[in-house]
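Student: I have a structure open on my screen and would like to learn how to read it. Could you walk me through a few features?
Tutor: Gladly; let us look at it together.

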Amino acid sequence: LILSVTAYRWLFAFIFSLCFSQVFSQVAYPYSRYGLGNIESTVFSTNKGMGELAAPFASATNINYTNPASYASLTRTTIQIGANVGGVNILTRDSIYKSSGGSISHFMIAFVPNPKHNAWAITVGIVPFSTVNYNFAQTYNDPAIGSYYQAYTGSGSLYNVFVGAAYKVKGFSIGANVGYIFGKLEYQKVIAFPDSALSFNTRNITNVNINGVSYNVGVQYQKLIYKNLNDPDISKQIYITVGAYGSGGTKLTTKTSTYWDRFNFDVNNNLVVSDTLQSTFGQKGKINLPFNFGTGVMFGNEYFWLVGADFKYTNWKSYTTPLDNGNLTNSWQASFGAQITPKFDDRNYLKRIQYRAGIYTAKSEYNVNGATLTETAGTFGIGLPLKKTAPFKELGSFNVTGAFGSRGGSDKSLVRENFYRFTFGFVLNDIWFIKRKFD
């Protein structure tokens, strides 16, 4: 029941590096002012390298949170941690703004009580749900009062702490996650008249505390479709895996506090509140999350090659919120990806590396001035195996994934985001529940 000393060293070193990554600020996304903000991807380092496909992905050593049915394919207890680092170039009609940052993306532990039969598994962890981070202003000129500006800012994050389980029988797996979403979002609107001493500068601040239960379910079916009876090499066997997942949507509870105040600037240009015009605190409300589903198919096996595709859909038109930022439309994403391992059991380290590539195209849920946004990105990644402990038994892997893409609309008046993202994931595999024959 004890991890090896080497495993602890790798784990502590990576946790320290992830904690250090928190000094970075969050990447700014202008469109996070709508809905619950920028909805975080539920796929992590391994899947992101393959165009974010997840519905049919079933691994013996990597946790696939998106489709909980995949937990039943794990053969060993697994610890998985990840971090995102990236940036975005924000293009307006006449300017380009840049933003960069990073954060921890997930922390999960999967327990496999019976690795010899791997019929079931339990997973616990915490993942980000959404992020709000924007800050923009516009200056106007009025002949009567001179120049004035309007500024909009938003910040905050929601997280999902969850427990999941899956069971497999004769190639068919079923699983579910039950989570608790929590966090706080803050929005500010400001109108200021720096050239007029007789005008009142006004600010509105809205704080929203959000919490509630979430869930999603998944199924997978895997079948061997090719096996050479004269060749015992399992890497040459070909499987087909079909998967699907979804959620019916749930209700989150909100407590909203909002107030209007008037302010001025002192000689050092610091904001000084003069009086509060209106305020409400702890006003309760509900957010209806949309239902969603995903499905896909994959061929091959993870010891040699994998290729697959999947599609996901979210009915954001069913989303409701007490805030005035819920003008959303239904979204979808189609993903294609592949992975190849030249020779998983070779002495040559380069041949044991997993090489990944993919692409996805999507229609966003954001509807701005009657126009919907599209997003397209290409991905690549590598899985660097750690120390080999036995045939088919790596201690774990270090995964690096990159994505380069763009989000925007055909209308040139809309803001376009050209982004790059790097995901670093550490996977630690160990056998906790196999009884040792020797001490």
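Student: How many aromatic pairs does the count come to?
Tutor: Some background before the number. This is a predicted model, where local features need pLDDT of at least 70 and side-chain atom pairs count only at pLDDT 80 or more, while totals for chains, interfaces and linings use all residues. Residues are numbered from 1 along each chain as its sequence is written, and side-chain values use heavy atoms, with hydrogens and water left out. A pair of aromatic rings is described by the distance of the centres and the angle of the planes. Rings of Phe, Tyr and Trp (its six-membered ring) pair if their centres lie within 6.5 Å; planes under 30 degrees apart count as stacked, over 60 as edge-to-face and the rest as tilted. By this rule there are 15 aromatic pairs. Take F293 and Y313: their ring centres are 5.7 Å apart and their planes stand at 35°, so this pair is tilted.

Student: Which strands hold F293 and Y313?
Tutor: Strands (E, at least two residues) and helices (H or I, at least four) are DSSP runs, numbered from the N terminus. F293 belongs to strand β11 (residues 292–301) and Y313 to strand β12 (residues 305–314), so the pair ties together parts that are 20 residues apart in sequence.

Student: Are F293 and Y313 buried or exposed?
Tutor: The terms first: buried means under 20% relative accessible area, exposed over 50%, and partly exposed in between (1.4 Å probe, protein chains only). F293 is partly exposed at 38%, and Y313 is partly exposed at 22%.

Student: What kind of pair do F404 and F422 form?
Tutor: Theirs is edge-to-face, with 5.8 Å from centre to centre and 85° between the planes. F404 sits in strand β18 (residues 396–408) and F422 in strand β19 (residues 416–430), 18 residues apart, and the pair links distant parts of the chain. F404 is partly exposed at 43% relative accessibility, and F422 is partly exposed at 26%. These two rings also join F380 and Y420 in one aromatic cluster.

Student: Where does a charge sit over a ring?
Tutor: The test asks for NZ of Lys or CZ of Arg within 6 Å of the ring centre and within 35 degrees of the ring normal. The charged end of R33 sits over the ring of Y152, 5.1 Å from its centre. R421 lies over the face of F419, at 3.9 Å from the ring centre.

Student: How should I read strand pairing, and how many bridges join β14 to β15?
Tutor: Two strands pair if DSSP finds at least two bridges between them. Strand β14 (residues 354–368) and strand β15 (residues 371–385) run antiparallel and are joined by 12 bridges; for example, G358 has T379 in β15 as its bridge partner. Their hairpin has 2 residues between the strands, and there N369 takes a positive phi near 55°. β15 is also joined to β18 by 12 bridges, again antiparallel, with L384 partnered by F398 in β18.

Student: Is G402 in strand β18 buried or exposed?
Tutor: G402 is buried, with a relative accessible area of 0%. Its C-alpha atom is separated by 6.5 Å from that of T423, 21 residues apart along the chain.

Student: What about empty space: how many cavities of 30 Å³ or more does a search find?
Tutor: Rolling a probe the size of a water molecule over the atoms shows where empty space is left. On a 1 Å grid over the protein atoms alone, a cavity is a set of points where a 1.4 Å probe fits but cannot get out, and a pocket is an open set with protein on both sides within 12 Å along at least five of seven lines; lining residues have an atom within 4 Å of a point. Grid points are joined across faces, edges and corners, and a volume is the space filled by probe spheres set on the points. Here the search finds 2 cavities of 30 Å³ or more. The second largest holds about 30 Å³, and its lining residues include K168, Y221 and T241. Strand β7 (residues 201–226) gives the most to that lining, with 3 residues.

Student: And what is the volume of the second largest pocket?
Tutor: About 830 Å³. Of its 27 lining residues, the closest to the centre are T92, F136, A137, Q138 and V415. β4 gives the most to this lining, with 8 residues.
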